[in-house]
Structures are given as C-alpha cells and as structure tokens.
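Here is a report on one protein chain. Keep the sequence and the coordinates open while reading.

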Amino acid sequence: MPKYWYEKGHKATLYNSQVLHEAHSVIICEGEFDCILLNQNGFPAVTSTGGAGTFLEEWKEYFIGKQIYICMDNDKAGRTAAVNLLFMFPGAKLVRLPGAYKDVTEFYIAGEMKTFSFLLSDATAWPELQLSDNIDELKKNMVAL
C-alpha cells in the first residue's frame, strides 16, 4: 500500500514554500511529515510533494540567496535525491542523520530533535561529502544521473 495517494494528473508542488519569503536558510527534506516536524521545531523546511526523486528546475529561483541544507532519508532513494539536489545547488550542505534513523520523523520520535541544530552545524559542503560507504556505488549512481 502506498504511503501517499495523489489524484490522477497531480503535479508536484513545493510544500511549505511560504517559509522562503523570510528565512535566510532552509532545509530541503523528504516528505511532508518531515517538513512539518522540522518547521514545528523552529527549522524552516520545504519538500516536494512528488517524492524523493522530484525537485523541479523551476523552483531553483526561490532559493537564490539562501543557505540551503539538504536532509533526505537514509535510504537509496534519499541518497540519490541528495546527490541530485547537490548538483542543482552546489553551495548546499548535506545534513546527515545518524545511521539508526531512516528520516527526520524517526529522529523526532526517538526524542532527538533537540540535537538537530548540532547536525546543521556539522553539515558537509559538496567537495568533502561522502554519501555512501560504497564510493564505487555512489560514483556509478552519480554518472547515471
């Protein structure tokens, strides 16, 4: 059973885009629940309603002048989406959740949200990042993009 249901002909939208009007930094995350939890805890966040693999080129203009953090799920789809976003936003920083947590929602449920600001301060810029323990697999996925 799918996690989300969409009407036929649904077009992906940038969920919670209103935070971009005032925020100087923003987190791009994966999923509406993660986005809601981040915002409720004081971290301006947006997400695509189209899932991990959908981030439209036309949305790039909304992020001009913003410090961008990318916090996708700890799974293959999330890592692939993070690589795509890092190519789209080369100045962005990658926020990595501890390996025990699949996503922001699990991190929150475990009572760890109070430490999220430490994850932001430890976020990695593009040249230094390592998204996978298997670099060969990462390179293969990056080339396939």
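The report goes from the overall fold to the sheet, then to one helix, the cores and a surface patch.

**Overall fold**

This is a predicted model. The protein has 145 residues, and 41% of them count as buried. Its secondary structure consists of 5 helices and 6 strands. Along the sequence the pattern reads β-β-α-β-β-α-β-α-α-β-α. Take the contacts with a separation of 6 or more: 67% of them link residues 24 or more positions apart. The accessible surface comes to about 8,600 Å². Carbon and sulfur atoms hold 54% of that surface.

**The sheet**

In what order do the strands of the open sheet lie? The order is β1-β3-β2-β4-β5-β6, and the pairing is mixed. β1 and β6 (124-125) are the edge strands, each pairing on one side only. In general, strands of a sheet pair through backbone hydrogen bonds, either parallel or antiparallel.

Three of the pairings are listed here.

| Strands | Sense | Bridges | Residues standing opposite |
|---|---|---|---|
| β2 and β4 | parallel | 5 bridges | Ser-25 and Gln-67 |
| β2 and β3 | parallel | 2 bridges | Ile-27 and Ala-45 |
| β5 and β6 | antiparallel | 2 bridges | Leu-94 and Thr-124 |

β2 is mostly covered: 4 of its 5 residues are buried. In the strand order, β2 sits between β3 and β4. It pairs with β4 in the parallel sense, and it runs parallel to β3 as well. β5 covers residues 93-94 and is joined to β6.

**Helix α1**

α1 spans residues 32-40. Which of its residues are buried? They are Glu-32, Asp-34, Cys-35, Leu-37 and Leu-38. The cover over these buried residues includes strands β1, β2 and β3 (45-48). Helices α3 (104-109) and α4 (116-121) also belong to that cover. Just after α1 comes Gly-42, with a positive phi of about 90°.

**Nonpolar cores**

The largest nonpolar core has 22 residues. Ile-28, Val-46, Phe-55, Phe-63, Ile-68, Ile-70 and Phe-89 touch the most other members. Three elements give two or more residues to this core: β2 (25-29), β4 (67-71) and α2 (76-88). The largest share, 5 residues, comes from α2.

What does Phe-89 touch, leaving out residues up to four places away in sequence? Its partners are Ile-28, Phe-55, Lys-60, Phe-63 and Ile-68. Another core, of 19 residues, lies apart from the largest one. Among its members are Tyr-101, Met-113, Phe-116 and Leu-120.

**A surface patch**

Tyr-15, Phe-33 and Ile-36 form a nonpolar patch on the surface. Together they have about 260 Å² of accessible area. Tyr-15 belongs to strand β1 (residues 14-15). Is Tyr-15 buried, partly exposed or exposed? Tyr-15 has 30% relative accessibility, so it counts as partly exposed. The band that decides this runs from 20% to 50% relative accessible area.

**In brief**

The sheet is open and has 6 strands. β2 is mostly covered and also contributes to the largest core. β1 is an edge strand, holds Tyr-15 of the surface patch, and helps cover the buried residues of α1.

Notes. Residues numbered from 1 in each chain as written. Predicted model: local features only at pLDDT ≥ 70, side-chain atom pairs only at ≥ 80, totals over all residues. Heavy atoms only, no water. Core = buried A, V, L, I, M, F, W, Y, C linked by side-chain atoms within 4.5 Å. Buried < 20%, exposed > 50% of the residue type's maximum accessible area, 1.4 Å probe, protein only. Contact = heavy atoms within 4.5 Å. Patch = residues over 30% accessible without salt bridge, like charges linked within 9 Å, V, L, I, M, F, W, Y side chains within 5 Å. Areas by Shrake-Rupley, 256 points an atom, 1.4 Å probe, with all protein chains shown as cover. Salt bridge = Lys/Arg side-chain N within 4 Å of Asp/Glu carboxyl O. Pairing = 2+ DSSP bridges.
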